[in-house]
Amino acid sequence: MAERVVDRQNQYLRIEGVTKRFGDFVAVDNVSLGIFKGEIFCLLGGSGCGKTTLLRMLAGFESPTAGRILIDGQDMAGIPPYERPVNMMFQSYALFPHMTVAANVAFGLEQERIARPEIDRRVGEMLDIVKLGEFAKRKPHQLSGGQRQRVALARALVKKPKLLLLDEPLGALDKKLREHTQFELINLQEQLGVTFVVVTHDQEEAMTLASRIGVMNKGQIVQVGTPTEIYEFPNSRFVADFIGSVNMFEGRLIEDEPGHVRIRCEELDTTVFVSHGISAAPDARVFVAIRPEKIEMTRGQSADGENCVGGVVREIAYMGDLSVYLVRLDGGRMVRVTIPNIERHDERIVWDERVVLRWQPSSPVVLTQ
Amino acid sequence: MVAAPYLWLFVFFAVPFAIVFKISFSYMVTTQPGYAPLFEWIEEAQRLVATFNVANYQVLLQDSLYLSTFLYSLKVAAISTVLCLLLGYPMAYAIARSAPTTRNLFLMLIILPFWTSFLLRVYAWIGLLKTNGVINNALLALGVIDQPLVLLYTDFAVYVGIVYSYLPFMILPLYSNLEKHDLTLLEAASDLGARPVKAFFKITLPLSMPGIVAGCLLVFIPAVGEFVIPSLLGRTDQLMIGTVLSAQFFGARNWPVASAVAIALLLLLLLPILLFQRYQQRELEASRR
């Protein structure tokens, strides 16, 4: 895949302190964001977190209660959807059922003063890009889900918007098709140089699509970063828990040095040594988050020392490429460990075996909020 | 159980239709039951004699009265239908787009007049439209006019009566169509650069065609055969076909001609019904996934 051209100097879309209230309910709470030209920015969050409301404000279907939205430096306040330089791909696709595929795609161009031959040329071109040339005369109900999704994409892209908003673009597709479409979407984005703002509740979708992710919770953006940053360095328990799975242990800061910290975790009955400094008050209550794939598991009776605990295997879920183990620690706490299935006939650890869990000092993330 | 609707249709539609069809080919007689039998057993000749009288239909074609009433009825029904559509569409649209709680109230108001007798409601218009009626008196009192307007016994009065009586039949199918529309389609149209008016004509109007067709037929078909409204409110020099029909049946007691008129009217109305059926069939096929 070619390196995406993201112009980090050019904040094409600026969201400044945007709030949206519906009666007493605060759907979007003082959100500020800058989105660069040419990137794929994912707004990720659970249902009701305000991500869709934010997207609808960008499209112009809702107006902010407070704050400003600037697209290419222009304040969008009071500008109706039909005059905004953005297009949206709807979650339901919202294809016009009484029009053919070609007429659906042509609709946007017909609203501008463009000559018919030019419209036909651009529609044909766009349908070729999404590989739907032969379906031009079909009606939406004669298409499969994947084909409809591509019509919706073609219809939104044919006007050559600088900014494309996508609401759960892959939500209605089955798993195999999603993966395929995901990469097609990225290729298309690179090819056309459009800035994408994608709303999704699916972290996998966000991880593969996005150049940056904004995690939303209760109307607020809680963290913005690249997929790696979000996954490896979550800034809060919410983000650590929301993205991927994580083992979270409560502890007390007992040693706080610039280069390392020690945390006493009662649940683990051991001390966690972390090879990076954190900013927290001494003796503070903190949380240690360790991803399941960052834990090593070996057979063994007892565990001594830091970053090392003993337990018994209680559950195994074989996923093909990897296996998920649930290990019950001697203190009673369950820990999730994932082990890649490298060998086929390995003597794998089985139920009720005693194991020792270990992790690198660099692996845990210490969270204070 | 499946046969029940067919049985119903057979007993209350097919059989009466056959009887009317039979009578339409009979000769009129002054004795009971008012028409001669089609088939008669002649004892002396020992044979069955069938007597068909096509003159009843010839009368319809030759007597210009029938042709002009047919045409007038079609004209009145067509204009009333268009008026109902122009009035009913915005009303149905407003109801479909209103909040769910007020929506039920509006629907109730549309249906409420049915709680009063149809005949009474038409009679009430006489009181409103007559020379010293409510409307004229109000306009005179306000000084808008110096002389009472001639409202009653005019085409205008017939249109008022028909539009008033049949408007709910236009609004209800339109409402049930408009209410089902997916509003994100309008958002999509707006997003693609269409102003609201353009989006209405490009999206909402074409998608409401089934409702428009259903509403128009529900108004047009009964309006063509309407006889109460034109008899009470309409002109005396120009009758509608329904009035002629009832006059032949009850006034002249010429059942054969009246039956022929009824059959001709039915054939006339069959055309729009068949068109509607074909349209529905097409819609059904289009919506099948």
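Here are a few worked exercises on the two chains above, A and B.

Before you start: this is a predicted model, where local features need pLDDT of at least 70, side-chain atom pairs count only at pLDDT 80 or more, and totals for chains, interfaces and linings use all residues. Residues are numbered from 1 along each chain as its sequence is written, chains are lettered from A and ligands numbered from 1 in the order in which they are written, and side-chain values use heavy atoms, leaving out hydrogens and water.

**Exercise 1. Work out whether chain B is spread out or a compact globule.**

Step 1: take stock of the elements. Chain B has 13 helices and two strands; helices (H or I, at least four residues) and strands (E, at least two) are DSSP runs, numbered from the N terminus.

Step 2: check the radius of gyration, taken over C-alpha atoms, against the globule rule of 2.2 Å times the number of residues to the power 0.38. For 289 residues the rule gives 19 Å, but chain B comes out at 24 Å, well over that, so chain B is more spread out than a compact globule.

Step 3: look at the dimensions. The C-alpha trace of chain B spans about 85 × 65 × 35 Å along its principal axes.

Step 4: add burial and contacts. Of the 289 residues in chain B, 41% are buried (buried means under 20% relative accessible area, exposed over 50%, partly exposed in between, with a 1.4 Å probe and protein chains only). Among contacts in chain B with a separation of 6 or more, 69% join residues 24 or more positions apart; a contact means heavy atoms within 4.5 Å.

**Exercise 2. Find which helix supplies the largest share of the nonpolar patch on chain B.**

Step 1: get the surface total. Chain B exposes about 16700 Å², with carbon and sulfur atoms supplying 71% of it; areas come from the Shrake-Rupley method with a 1.4 Å probe, and for residues only the protein chains shown count as cover.

Step 2: pick out the patch. It covers about 990 Å², and its members include L105(B), F106(B), W115(B), F169(B) and L172(B). Patches take residues with over 30% relative accessible area and no salt bridge, joining like charges within 9 Å and nonpolar side chains (Val, Leu, Ile, Met, Phe, Trp, Tyr) within 5 Å.

Step 3: assign helices. α4 (100–111) and α7 (155–178) of chain B each give at least two residues, and α4(B) has the largest share, with five.

Step 4: zoom in on one member. L172(B) sits in helix α7 of chain B and counts as partly exposed because its relative accessibility is 30%.

**Exercise 3. Say what the buried residues of α4(A) pack against.**

Step 1: describe the helix. α4(A), residues 145–157, has 13 residues and reaches 18 Å from first C-alpha to last, close to the 18 Å expected at 1.5 Å a residue; the expected span is 1.5 Å times one less than the number of residues.

Step 2: check cover. In α4(A), 11 of the 13 residues are buried, including G146(A), R150(A) and L157(A).

Step 3: list the partners. In chain A they are β6 (86–89), α2 (101–110), α3 (116–129), β7 (163–167) and α5 (175–192), and chain B adds α8 (184–191).

**Exercise 4. For three salt bridges, state where the partners lie.**

Step 1: set the rule. A salt bridge is a side-chain nitrogen of Lys or Arg within 4 Å of a carboxyl oxygen of Asp or Glu, and by this rule there are 29 over all chains.

Step 2: start within one helix. R116(A) pairs with D120(A), with the closest N and O atoms 3.3 Å apart. Both lie in helix α3 of chain A, four residues apart, about one turn of the helix. An α-helix has 3.6 residues a turn, so residues three or four places apart point the same way.

Step 3: go further along chain A. R262(A) bridges to E306(A), the closest N and O atoms being 2.3 Å apart. This pair links distant parts of the chain, 44 residues apart: R262(A) is in strand β12 (residues 261–265), and E306(A) is in the loop between β15 (296–299) and β16 (308–318).

Step 4: finish in chain B. R235(B) and D155(B) form a salt bridge, the closest N and O atoms being 3.0 Å apart. They are 80 residues apart, with R235(B) in the loop between α11 (228–233) and α12 and D155(B) in helix α7.
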